[in-house]
Amino acid sequence: MTAHPEPDLVTADLAELRRLLDVRTARVDGQLALLAQRSEQKERDADELQARVTRLESTRWPLPSLAALTGLAALVVALWQAMGR
């Protein structure tokens, strides 16, 4: 038995390890790119949703102001009726 394996086996093992490392690195790079793309899409969706909410809030009815005007109109009508009779 020899203390050192044959040089061809070592070279083959190193080449296989390098190939496996390259494959794994490419896989991780691909996954990171996919995560970055998904993150950007989520940011765009969140920005679009925020813009939609802002538009909806700006076009909603001002209910407290409308209630105050209705109450004031009812007071005017009540005073008008009281003075007219």
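**Two helices, spread out**

The protein chain comes to two helices and zero strands, where helices (H or I, at least four residues) and strands (E, at least two) are DSSP runs, numbered from the N terminus. With a radius of gyration of 37 Å, well over the 12 Å that the globule rule gives for 85 residues, the chain is more spread out than a compact globule. That radius is taken over C-alpha atoms, and the globule rule is 2.2 Å times the number of residues to the power 0.38.

A word on what you're looking at: this is a predicted model, in which local features need pLDDT of at least 70 and side-chain atom pairs count only at pLDDT 80 or more, while totals for chains, interfaces and linings use all residues. Residues are numbered from 1 along each chain as its sequence is written, and side-chain values use heavy atoms, with hydrogens and water left out.

Back to the overall outline. Along its principal axes, the C-alpha trace spans about 125 × 20 × 10 Å. What share of the 85 residues counts as buried? The figure is 0%, with buried meaning under 20% relative accessible area, exposed over 50%, and partly exposed in between (1.4 Å probe, protein chains only). The chain exposes about 8,400 Å², and carbon and sulfur atoms supply 64% of that; accessible areas come from the Shrake-Rupley method with a 1.4 Å probe, and for residues only the protein chains shown count as cover.

Now for helix H1, residues 7–59. Leu17 lies in this helix and is exposed, at a relative accessible area of 55%. Its neighbour in number, Arg18, is found in H1 too and counts as exposed at 60% relative accessibility. To get a feel for distances, take Leu17 and Asp45: they sit 28 residues apart in sequence and 42 Å apart in space, C-alpha to C-alpha. From Arg18 to Leu75, 57 residues along the chain, the C-alpha separation is 88 Å.

Which side chains meet in a salt bridge? Those of Arg19 and Glu16 do, at 2.9 Å, N to O, and a search of the whole structure finds one such bridge (a side-chain nitrogen of Lys or Arg within 4 Å of a carboxyl oxygen of Asp or Glu). The two residues are three apart in helix H1, so about one helical turn separates them. Arg19 is partly exposed, with a relative accessible area of 43%, and Glu16 is partly exposed at 36%.

Further along, an unreviewed UniProt entry annotates residues 32–59 as "coiled-coil region"; UniProt positions are given in the numbering used here, feature names are shortened, and annotations may be inferred rather than shown by experiment. In the model this stretch is 100% helix and 0% strand, with its end C-alpha atoms 41 Å apart.

The unreviewed entry also carries a "transmembrane region" annotation over residues 61–80. Here the chain is 90% helix and 0% strand, and the end C-alpha atoms are 28 Å apart. Leu69, Leu72, Leu75, Val76 and Leu79 form a nonpolar patch on the surface, with about 490 Å² of accessible area together. Patches are made of residues with over 30% relative accessible area and no salt bridge: like charges are joined within 9 Å, nonpolar side chains (Val, Leu, Ile, Met, Phe, Trp, Tyr) within 5 Å. One of the patch residues, Val76, is found in helix H2, residues 63–84.
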